[in-house]
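Dear colleague,

Please find below the structure that I am handing over to you. My notes on what was found in it follow.

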Amino acid sequence: MPQIEIDVNGAHHSVPVEPRLLLVHLLRDKLELTGTHVGCDTSSCGACTVLLNGESVKSCTMFAVQADGSAVITIEGIGASDALHPMQEAFWKMHGLQCGYCTPGMIVSAVDLLRRNPDPSDDEIRAGIEGNLCRCTGYENIIRAVRSAAAALRNDESRHSVAELLPVGGSN
Amino acid sequence: MRPFAYTRTASSSAAVATVTADRDAKFLAGGTNLIDLMKDTVEAPALLVDINALPFGDIVEHRTFVRIGALARMSDTADHPAVVRIAPAVAEALLASASPQLRNAATIGGNLMQRTRCAYFRDVATACNKREPGRGCAAIDGINRQHAVLGGSRDCICVHPSDMAVALLAVDAIVRTRGPRGERSIPIAAFHTLPGDTPQIETVLEHGELIVAVDIPISRLASTSTYVKVRDRASYEFALVSVGAALSVRDGKIADARLGLGGIAPKPWRALASERALIGVAPSAAAFERAAEIAVGGARGYGHNDFKIPLVKRLIVKSLASVAA
Ligand SMILES: Cc1cc2nc3c(=O)[nH]c(=O)nc-3n(C[C@H](O)[C@H](O)[C@H](O)COP(=O)(O)OP(=O)(O)OC[C@H]3O[C@@H](n4cnc5c(N)ncnc54)[C@H](O)[C@@H]3O)c2cc1C
Ligand code: FES
Ligand code: FES
């Protein structure tokens, strides 16, 4: 069985994996990080979105072996319940969720969007989260949440990025 | 998913040799198409050769062309200033494809090799000659709203899903490969094949032949190119019909034209006769309508997809008018 070396939310793991193990199952079942959800298992819904070396990917459409040597950040690494990331706070305050199933992936995608574009227009926010489906909210409040998090982050550079969690060279 | 063996290499000759030696081996790039198909057992390779460590990730501008490495990600390619300037249609097509997460993972080589989204191809309980040669085609008399109106056969009427490949037709791209018998350069228009009675064959690549890069020659024509896509919703959806167009006008007459069509044929479709009809005439609505009429000569609908014929005609006229402006 191949052995992989992977950093998840700043912690190093050395794990044997069967080649067909999907990254999302490594995260959820082996590392017990169940914040990353499986909504469709067909690369469609985006609930499984994580950051791989700083860029959003769908962890249901990637083998764990493909992430060997990489740094992964899941929703648990974006913020903790006693120290929410501004994006999490904004989803809460702006009612950017109802059932919450899509929310971890939605937040990870939104964090990636703001890393590339700190001041997106509403259309750019819509394009940035096009790969994340929500069955509850109708998206309006999600867009409001991302807009408000963008403003908060622009005013507080120090909390802007999750880059501290990435090894040197992992983020760009 | 069926179990499989996995290996990776940083040498392209080793990758080619390993896949060439095993009929049931496949290359693994981003995995965004292959893994989905493996989950549904539409694909069940015995061995995956991970090519992500090969040195083909860069996009480099040379004096006469830009070279996009086969492992360049869709996202990086869409954002690359040289691609945006030299071949705007390609950048536009990539941005209109899939979603940010998928574009961050998916590669240019994998994009060209992605397989049809035909629902029957992806459902192993139904008949599909592409998946199981000889079993029949459930689409011809089935729900064929997504299917081809040009280039189909009695055995297969699927459409090719790649937006980028349609745009590459408008900019004369060349696919560079390394295979068991050496290297070759294949014009994009000659890369994909029509189903005929072998719908399981989709490109001219041999088993084990690896795409290493896509080259786009620098030309005025390519720099005028644009990509227009019509889909059921405004984002995150495959094309119903699409057009990649480029046009150059000299002294009031069309000097050269390229017209690639998507969503209407089993391969990215180059409307060569329409291009020829445009050359030498003044750009006008009438000239564009004539080119559109020529493009759908011989088209046939299968019921649910009849609407694609008038739709693609209108889109051709609209795209040509926008590149002529
Ligand atoms: C939800 C969803 C929506 C999508 N929407 C769109 C869309 O709107 N428009 C669009 O164009 N595409 C769309 N796609 C498809 C996407 O573009 C492809 O999945 C992607 O481009 C495949 O690239 P990859 O690197 O992940 O390929 P892989 O999945 O790794 O490989 C695909 C195939 O290519 C072969 N291969 C890979 N690299 C090479 C190489 N260098 N040489 C030879 N063979 C190779 C593999 O063996 C495999 O058979 C969508 C996909 C999903 C899941
Ligand atoms: S679970 Fe991965 S995209 Fe839906
Ligand atoms: S909040 Fe329920 S799916 Fe988005």
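What should the 14 residues of H4(A) span at 1.5 Å a residue, and how far apart are its end C-alpha atoms? The expected span is 20 Å and the end C-alpha atoms are 20 Å apart, which agrees; the expectation is 1.5 Å times one less than the number of residues. Helices (H or I, at least four residues) and strands (E, at least two) are DSSP runs, numbered from the N terminus.

Please note that this is a predicted model, in which local features need pLDDT of at least 70, side-chain atom pairs count only at pLDDT 80 or more, and totals for chains, interfaces and linings use all residues. Residues are numbered from 1 along each chain as its sequence is written, and chains are lettered from A and ligands numbered from 1 in the order in which they are written.

H4(A) is mostly covered, with twelve of its 14 residues buried (20 or more other C-beta atoms within 10 Å of a residue's own, C-beta atoms being placed from the backbone). Among them are A:Met106, A:Val111 and A:Leu114.

By contrast, strand S2 (residues 11-16) of chain A has zero buried among its six residues, so it lies largely in the open. S2(A) pairs with strand S1 (residues 3-8) in the antiparallel sense over six bridges, where pairing requires at least two DSSP bridges. A:Asp7 stands opposite A:His12. Two residues separate the strands in a hairpin, and A:Asn9 in the turn has a positive phi of about 50°.

Finally, 23 residues of chain A are in contact (C-beta atoms, placed from the backbone, within 7 Å) with 21 residues of chain B. S4(A) gives the most to this side of chain A, with four residues.

With kind regards

Notes. Contact = placed C-beta atoms within 7 Å.
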